[in-house]
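Let's work through some exercises together, one step at a time. Have the sequence and the model open beside you.

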Amino acid sequence: RGTLTAVLPPAVLADALHVAAAPPPASGLSLRLGEPFELRCAASTASPLHTHLALLWELQRGAARRSVLALTHEGRFRPGPGYEQRYRAGDVRLDTVGGDGYRLSVARALASDQGSYRCVVSEWIREQGSWQEIQEKAVEVATVLIQPTVLRATVARSVSVAEGKELDLTCNITTDRADDVRPEVTWYFSRSPDSILPGSPVLARLDRDSLVHSSPHVALSHADTRSYHLLVRDVSKENSGYYFCHVALWAPGHNRSWHKVAEARSAPASVDVTWLEPDYQVYLNASKVPEFSDDLTELECRIVDVKSSEASVRFTVSWYYRVNRRSDDVVASELLAVMNGDWTLKYGDRSKQRAQDGDFIFSKEHTDTFSFRIQRTTEEDRGNYYCVVSAWTRQRNDSWVKSKDVFSKPVTIFWASEDSVLVVKARQPKPFFAAGNTFEMTCKVSSKNIKSPRYSVLITAEKPVGDLSSPNETKYIISLDQDSVVKLENWTDASRVDGVVLEKVQEDEFRYRMYQTQVSDAGLYRCMVTAWSPVRGSLWREAATSLSNPIEIDFQTAGPVFNASVHSDTPSVIRGDLIKLFCIITVEGAALDPDDMAFDVSWFAVHSFGLDKAPVLLSSLDRKGIVTMAERDRKSELSLERVSVLEFLLQVHGSEDQDFGNYYCSVTPWVKSPTGSWQKEAEIYSKPIFVTVKMDVLNAFKYPLLIGVGLSTVIGLLSCLIGYCSSHWCCKKEVQETRRERRRLMSMEMD
């Protein structure tokens, strides 16, 4: 019977809604996959008002309920989540039967249809332009149980057939379905018994329309609906392996559709194609063993004790290399070269380049001897070598099929040498930075026992993937090879293509920079350095690889980040001029109100060309605006003032020669917390700015020059006056006396 679960009347109304299962619910409805089923319930109302009924079919599985299909009070059908596609295809329908019957029809049952079904009916009335629910009742209709379809496929477990004969396998089907179901049979072949079907080759298939898809050498037939035969003609050694039979049952659905109700796979049938294989042994000998690097190495692989040498058998060789480990770790072998049945030789990745350069030589000396020669053996060539001789058998179509592999015992090529040592140390010059700034990391490399090394550098970033349980993801950002060629690896930020730079500062030092850092750049950064040694001309040999210590980028996004810088429009002044220095504070991260921050600012100076002397405190201004001047023995005067919230001005009045040097400011930020208390932040320092004080040469020598010129003029005039007077008076008397003496002499001569 029904139960009243919700009452939302606009007025006090009598209980006029009646809901019941039709027919009454049984203990349960048992179905098989694909079978149809119907559920009914009856709903009516005796309300005198003009009301509408809404009906909902619900499916309950455990404690969860979900809507299947509903008929709203406005007469619209509304499928529940997950039933939209089935409703549009017509597989799930809701019909009315008679005047008060409602029928839920499911064309084909699925495993998800199992559970208890309820019929929920609600009564609605339209009042004042809106719909209101009066009451709601629900009734348990039936419990649906979905029984799985029984399906088994069996094949003979082991079959042996002679080469050239026919292989006949039968797949027998057992099922409990007797209705209109159609089987789809597929035969698979695999080399191993535990292969997955989608990856195994398909030999033949019989679809549900009884159409056969096969190849000319494979046939598929069936004597009845429960027995299917696979026939493989003219079998060879390639047909040895495991055969599977896969069966799927399809049942017809709505609108001529088909759906799969069951599928099964048989156990693997082992098929062995018998034939007479050749019998032989393989012996590997090192005819030339290197004692030092660049020595010759020569290996000979010989076939011995051949007991069945038929004309239809030929032998080829494959060469392998394996690193000689001191531990018991399993090391995979590397293919050096392989010879196919048509005598073609293919090189492995390890030996391709060196074989093309003539360093690796593979040859066949005799019908039973293969040789491998290394012209110049390197330390990387040390390890274990072995050869594999393959026997090939001619087929009826003149093709060659490998029939047997025989492995030789390994030969060790080794000589003692000192191990290469490579150490990489990473350092961060600026350990504290914020988002948007430049991240810089330097890597210093030191090596030992490596001949003429060159280094290639790869910058890696280890970043968390998601939750803590997931391993971190390592990304390659940028690399620089031994020839100094830079390459972007996995740097995918198109807006910052030039945002990362890797450069070689010295032969053994590298610097990595990341501009405009973002929060997503957080992680552990390392330098992966590989040392390379020259080998024969332009070739390089990898000597050692090492990983540096990590440098972490961890942005502190909980609060603001303060930075200080010094700016001056007059870094070079003349003695006596005014020096103006601005300490500018920048705030990054969270925005702050100017009233919520204050600063203690102090100015320092180092009166030298370098920073080798101790700094001298000039002046300070605390967050309350109190200025303190330090004692000075200079004639110049200082003043410190706050120009704006984030700018502080230091002025040097009447500058002297001794005022030159490096000036910087230290800032201690204070931030007001939400509780109203002031919190002291870490002290920050600006970069120094160098101020020079020059002497005014013209003003310095102006007065001495004027005095000198004046004195020189006066002295010159006095000298001229004295000389004139002397010549006018003294020299005139002397001339007269000379003339008198001459006349006296002349008179004496005449006498």
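The exercises below cover a sheet, a buried residue, some salt bridges and a surface patch.

Before you start, note that this is a predicted model: local features need pLDDT of at least 70, side-chain atom pairs count only at pLDDT 80 or more, and totals for chains, interfaces and linings use all residues. Residues are numbered from 1 along each chain as its sequence is written, and side-chain values use heavy atoms, with hydrogens and water left out.

**Exercise 1.** Work out the strand order of the open sheet of four strands, and find its edge strands.

*Solution.* Step 1: strands here are DSSP runs of E with at least two residues, and helices are runs of H or I with at least four, both numbered from the N terminus. Two strands pair if DSSP finds at least two bridges between them.

Step 2: reading across the sheet gives S23-S24-S29-S28, with antiparallel pairing. The edges are S23 (281-288) and S28 (360-366), each of which pairs on one side only. From one strand to the next, the twist averages 20°; the angles are taken between N-to-C directions, from 0 to 180 degrees, using axes fitted to C-alpha atoms.

Step 3: look at S23 and S24 (residues 297-304), an antiparallel pair joined by seven bridges. There you can find Ala 286 opposite Leu 299 of S24.

**Exercise 2.** Is Ala 269 buried or exposed, and which residues does it contact?

*Solution.* Step 1: locate Ala 269 in strand S22 (residues 269-274).

Step 2: apply the cut-offs, where buried means under 20% relative accessible area, exposed over 50%, and partly exposed in between (1.4 Å probe, protein chains only). Ala 269 has 0% relative accessibility, so it counts as buried.

Step 3: list the contacts (heavy atoms within 4.5 Å). Beyond neighbours within four places in sequence, Ala 269 touches Val 155, Ala 156, Arg 157, Gly 241, Tyr 242 and Tyr 243. Its C-alpha atom is also 9.5 Å from that of Phe 189, which is 80 residues away along the chain.

**Exercise 3.** Which parts of the chain do the salt bridges Asp 91–Arg 108 and Arg 354–Asp 381 tie together?

*Solution.* Step 1: a salt bridge puts a side-chain nitrogen of Lys or Arg within 4 Å of a carboxyl oxygen of Asp or Glu. The structure holds 24 of them.

Step 2: Asp 91 and Arg 108 meet at 3.2 Å, N to O. Asp 91 is in the loop between helix H1 (84-89) and strand S8 (92-97), and Arg 108 in the loop between strands S9 (101-106) and S10 (115-127), so the pair ties together parts 17 residues apart in sequence. Asp 91 is buried at 4%, and Arg 108 is buried at 17%.

Step 3: Arg 354 and Asp 381 meet at 2.7 Å, N to O. Because Arg 354 lies in helix H2 (residues 352-356) and Asp 381 in the loop between strands S29 (369-374) and S30 (383-394), this pair links parts 27 residues apart in sequence. Arg 354 is buried at 15%, as is Asp 381 at 2%. Salt bridges with shared partners join Arg 354, Asp 359 and Asp 381 into one network.

**Exercise 4.** Which residues form a nonpolar patch with about 320 Å² of accessible area together?

*Solution.* Step 1: patch members have over 30% relative accessible area and no salt bridge; nonpolar side chains (Val, Leu, Ile, Met, Phe, Trp, Tyr) are joined within 5 Å, and like charges within 9 Å. Areas come from the Shrake-Rupley method with a 1.4 Å probe, and for residues only the protein chains shown count as cover.

Step 2: the patch consists of Ile 707, Leu 711 and Ile 715. Leu 711 sits in helix H3 (residues 697-750) and is exposed, at 54%.
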